Amino acid sequence: MSVVTDKTSLSGWLNGLLGVVIFSGSLPATRLAVQDFDPFFLTFARASLAGVLALILILGLREKRPPAARIVPLMIVSLGVVIGFPLFTALALQHVTAAHSIVFLGLLPLMTAIFAVLRGKERPARAFWFFSVLGSLLVAGSAFSQDASLSLTGDLLMLAAVIVCGLGYAEGAALTRESGGWQVISWALILALPFMVVASVLMMPVSFSGIGFPAWAALGYVSLFSMLIGFIFWYKGLARGGIAAVGQLQLLQPFLGLGLSATLLHEQVSPLMLFITLGVILCVIASRKYAR
């Protein structure tokens with residue numbers, strides 16, 4: 001199958017927005033999970049559970065194996081979004097709050113746009129980069145106003161997470177144009193599945209008796225929604241609406257995540273967030289206009 005990119009496509013933007021809404025719960029859920037689970041076990045377990053579901057989906061729908069030419073790009077997707085981003089964020093959230101980690105999500109749209117140029121062969125207009133950088137600065141400034149604490153280890157881990165995630169997003173979206181979104185994330189999960197299962201067993205805690213319900217629920221969320229369902233909508237949105245253009249919707253993710261952090265984790269969020277959210281929305285609208 002082949003997906004035609006149309007930056008005016010409402011379908012692309014709606015799919016992308018739904019993906020962002022789903023992803024917005026990832027960091028707060030991860031923060032809940034690492035309070036009881038080891039971050040390495042959490043990373044391997046979530047990928048294993050999602051991988052098993054992806055395998056059932058592929059076998060149930062009798063999907064053909066990807067051609068050999070797509071194996072390396074699928075491995076890049078797997079290393080970026082199946083292993084790299086979950087692991088780096090889980091490790092980072094042992095050092096920083098969920099609210100502080102969301103600072104770095106403000107850089108994700110810009111990073112995705114950069115890899116869209118390098119890997120997706122897209123060429124946004126100069127005005128697009130202006131609004132993309134402006135939106136990223138607004139998000140970062142807002143998040144820092146919520147939590148100005150510094151942790152070099154946590155910050156470096158989050159920066160690494162953003163870099164590998166941007167690469168995984170761009171690579172996966174490029175593949176989706178030919179294969180389809182659910183196929184791309186499913187095969188990426190399946191490629192990692194044997195390693196993730198073995199690693200999960202090796203890192204499994206001696207006893208699960210001390211694991212509370214919130215941690216189990218968080219593991220379920222990041223496994224089913226963050227690792228599988230969210231990517232089906234996200235990759236479809238990126239492929240249809242353009243990687244750089246639709247990628248700017250991620251500017252909204254920090255504000256959704258901050259709201260969840262305040263609700264679920266009782267982390268402080270300033271009322272200033274609402275005003276900056278409006279500015280970010282305007283940047284998203286403007287960047288969509290100038291993406292080409």
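A nonpolar core is a set of buried Ala, Val, Leu, Ile, Met, Phe, Trp, Tyr and Cys residues joined through side-chain atoms within 4.5 Å. The term is used in the second legend below.

**Figure 1. The whole protein, a predicted model, is built from 13 helices and has zero strands.** Read along the sequence, the pattern is α-α-α-α-α-α-α-α-α-α-α-α-α. Of the 292 residues in the protein, 56% are buried. Among contacts with a separation of 6 or more, 92% are made by residues 24 or more positions apart. The accessible surface comes to about 12,600 Å². Carbon and sulfur atoms account for 72% of that surface.

**Figure 2. Close-up of the largest nonpolar core, a set of 75 residues.** Val82, Tyr169, Trp234 and Tyr235 touch the most other members of this core. Helix H10 (residues 213-241) gives the core its largest share, ten residues. In soluble globular proteins, nonpolar side chains tend to be buried together.

**Figure 3. Close-up of Tyr169 and the residues in contact with it.** Neighbours within four places in sequence are left aside here. The contacts of Tyr169 include Phe23, Val81, Leu108 and Thr112. Phe231, Trp234, Tyr235, Leu238 and Gln250 are also in contact with Tyr169. Two of these partners, Trp234 and Tyr235, are listed with Tyr169 among the core residues that touch the most other members.

**Figure 4. Close-up of the one cavity of 30 Å³ or more in the structure.** About 120 Å³ of space lies in this largest cavity. The lining is made up of 13 residues, and those closest to the centre of the cavity are Phe23, Ser26, Phe85, Tyr169 and Ser226. Nine residues of the lining are nonpolar, three are polar and one is charged. Helix H4 (71-92), helix H8 (152-179) and H10 each supply at least two residues of the lining. Tyr169, shown in the previous legend with its contact to Phe23, is thus met again at the cavity, where both residues belong to the lining.

**Figure 5. Close-up of Ser186 in helix H9 (residues 181-203).** Ser186 counts as buried because its relative accessibility is 0%, and buried means under 20%. With neighbours within four places in sequence left aside, Ser186 is in contact with Ala54, Leu57, Ile58 and Leu228.

How values were computed:
Residues numbered from 1 in each chain as written. Predicted model: local features only at pLDDT ≥ 70, side-chain atom pairs only at ≥ 80, totals over all residues. Heavy atoms only, no water. Helix = DSSP H or I, 4+ residues; strand = E, 2+ residues; numbered from the N terminus. Buried < 20%, exposed > 50% of the residue type's maximum accessible area, 1.4 Å probe, protein only. Contact = heavy atoms within 4.5 Å. Areas by Shrake-Rupley, 256 points an atom, 1.4 Å probe, with all protein chains shown as cover. 1 Å grid on protein atoms, 1.4 Å probe; cavity = no way out; pocket = protein on both sides within 12 Å on 5 of 7 lines; lining within 4 Å. Points joined across faces, edges and corners; volume = space filled by probe spheres on them. Nonpolar A, V, L, I, M, F, W, Y, C, P; charged D, E, K, R; others polar.
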